[in-house]
Amino acid sequence: MSEVRHNWTKEEVLDIYNRPLMELLYDAATIHRKQHDPNVVQVSTLLSIKTGGCSEDCGYCPQAARYHTNVEGNDLMSVNQVKAQALRAKESGSSRVCMGAAWRNVKDGPEFDQVLDMVRSINKLEMEVCCTLGMVTENQAQRLAEAGLYAYNHNLDSSEEYYKKVISTRGYQDRLDTIDNVRKTNVTVCSGGIIGMGESAADRAGMLVALSTLNPQPESTPINALVAVEGTPLEDEKPVKTWDMIRMVATTRIVLPETQVRLSAGRTQMSREGQAMCFFAGANSIFAGDKLLTTPNPDVNEDMKMFELLGLNPQKPFTKKVQPQTVEAKDSKFEALGEKPKWTRPEHTIERNEVAKQKGKTVKA
Ligand code: SF4
């Protein structure tokens, strides 16, 4: 029942998503118990190491420079600032730090070298280190691996069909190629998506098919509920219903049985009871900390109270895979190649992105 399959069809996944809820929950929880300890939840802290001013047009994102939002941009943080925040995260129960930079893609140079030093310093704190920095080449992924990176996040966001209605500045294939580049190293893959962007249930199923086709499947999959931010093209989308989130988590658990399914953005819109249903349905990871990059997230003390109430325990670091070794910059086997990869720019017109961009121009004028 819980063998890993890479040949799911959209129809099969949609049928699962639409099952009567009690059956869906029972099936997902059964698989969850076979593959994972149902009382253990991995806790990650997401740090925005470089905020705002991004050149991309992701319709959900308040960090895109072309939209007018209340996000204040920040240059790349220092290694010491990141280390201090990582220590605080460790003290409050996180086993992983995920560093996010609002970049289209990684560029070789001093800023990337600084990120590599951040990876080294967090690894030395005996925490799992994850990065989400945009598209990466194989060489850049190797350099991250050598610095001691545990995971690289690059979300598929949605089904390939619906993706075209959200982003025009980077192609779906670029995302798959980035994941492929990470797979050529010993870094684990974290990839998931967002629901509540106006997509259909079939699109949600399509995203899970795309994730399931990856071989191996991602080691972790964040399921985000859109947090609609004023000024972005998706500002008017209604909050995701908790029932939809529960169905999505349960379906993800069935289709990606071995993956850690992460409850990500949108938890502030959910009650504890709703989150408990998600844990029952197979979610076994959360993001902790009062902010998720730029959007609100529950207070870490509230999360720890919820864990106590539900009898959940935070997962220890390196439970699933041994700690990667850290190679110092001076001993590196991989030189910066200064590549200029041709990541695509489909640049088709997305009406709502154009409207938000024009609005942004008017407000800024
Ligand atoms: S999601 Fe990432 S790539 Fe897209 S606009 Fe936001 S920061 Fe830029």
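1. A good place to start is the packing around helix α2: the elements covering its buried residues include α1 (10-17), α9 (242-255) and α10 (272-280). Please keep in mind throughout that this is a predicted model.

2. Helix α2 itself runs over residues 21-35. Its 15 residues reach 21 Å from the first C-alpha to the last, close to the 21 Å expected at 1.5 Å a residue. Buried in α2 are Leu 24, Leu 25, Asp 27, Ala 28, Ile 31 and His 32. Viewed down the axis of α2, these buried residues fall within an arc of 170°, so they line one face of the helix. An α-helix has 3.6 residues a turn, so residues three or four places apart point the same way. On the other side of α2 you will find Met 22, Glu 23, Arg 33 and Lys 34, which are exposed.

3. Helix α8 is worth a look next. It covers residues 201-213, and its 13 residues reach 18 Å between the first and last C-alpha, close to the 18 Å expected at 1.5 Å a residue. This helix is mostly covered, with 10 of its 13 residues buried. The buried residues are Asp 203, Arg 204, Ala 205, Gly 206, Met 207, Leu 208, Val 209, Ala 210, Leu 211 and Ser 212. What covers them includes α1, α6 (160-163), β6 (193-195), β7 (220-225) and α9.

4. Val 255 gives a residue-level view of this region. Val 255 belongs to helix α9 and is buried, having 24 other C-beta atoms within 10 Å. Leaving aside neighbours within four places in sequence, Val 255 is in contact with Trp 8, Val 13, Leu 208 and Ser 212. Both Leu 208 and Ser 212 appear among the buried residues of α8. As for Glu 128, it is 127 residues from Val 255 in sequence and 25 Å from it in space, C-alpha to C-alpha.

5. Now to the ligand. The residues around it are Cys 54, Glu 56, Cys 58, Cys 61, Gln 63, Ala 64, Ala 102, Arg 104 and Gly 134. Sorted by class, this shell has 5 nonpolar, 2 polar and 2 charged residues.

6. Ser 48 can be related to one of those ligand-shell residues, Cys 61. The two are 13 residues apart along the chain, and their C-alpha atoms are separated by 13 Å. Ser 48 lies in strand β1 (residues 40-50). It is buried, with 20 other C-beta atoms within 10 Å; the cut-off for burial is 20 or more. Beyond neighbours within four places in sequence, Ser 48 is in contact with Gly 100, Leu 293 and Thr 294.

7. Thr 319 makes a useful contrast. It sits in the loop between β12 (313-314) and α12 (351-364). Thr 319 is exposed, with 11 other C-beta atoms within 10 Å. Thr 319 and Gln 114 are 205 residues apart along the chain, with 28 Å between their C-alpha atoms.

8. Finally, the overall picture. The protein has 12 helices and 12 strands. Its radius of gyration is 19 Å, close to the 21 Å that the globule rule gives for 365 residues, so the protein is as compact as a globular protein of that length. The C-alpha trace spans about 55 × 50 × 40 Å along its principal axes. Of the 365 residues, 50% count as buried. Among contacts between residues at least 6 apart in sequence, 82% join residues at least 24 apart.

Definitions and conventions. Residues are numbered from 1 along each chain as its sequence is written. This is a predicted model: local features need pLDDT of at least 70, side-chain atom pairs count only at pLDDT 80 or more; totals for chains, interfaces and linings use all residues. Helices (H or I, at least four residues) and strands (E, at least two) are DSSP runs, numbered from the N terminus. The radius of gyration is taken over C-alpha atoms; the globule rule is 2.2 Å times the number of residues to the power 0.38. A residue is buried if 20 or more other C-beta atoms lie within 10 Å of its own, exposed if 12 or fewer, and partly exposed in between; C-beta atoms are placed from the backbone. Two residues are in contact if their C-beta atoms, placed from the backbone, lie within 7 Å. A residue is near a molecule or strand if its C-beta atom, placed from the backbone, lies within 6 Å of it. Ala, Val, Leu, Ile, Met, Phe, Trp, Tyr, Cys and Pro count as nonpolar, Asp, Glu, Lys and Arg as charged, and the others, Gly among them, as polar. The expected span of a helix is 1.5 Å times one less than its number of residues. The arc is that of the directions from the helix axis to the C-beta atoms.
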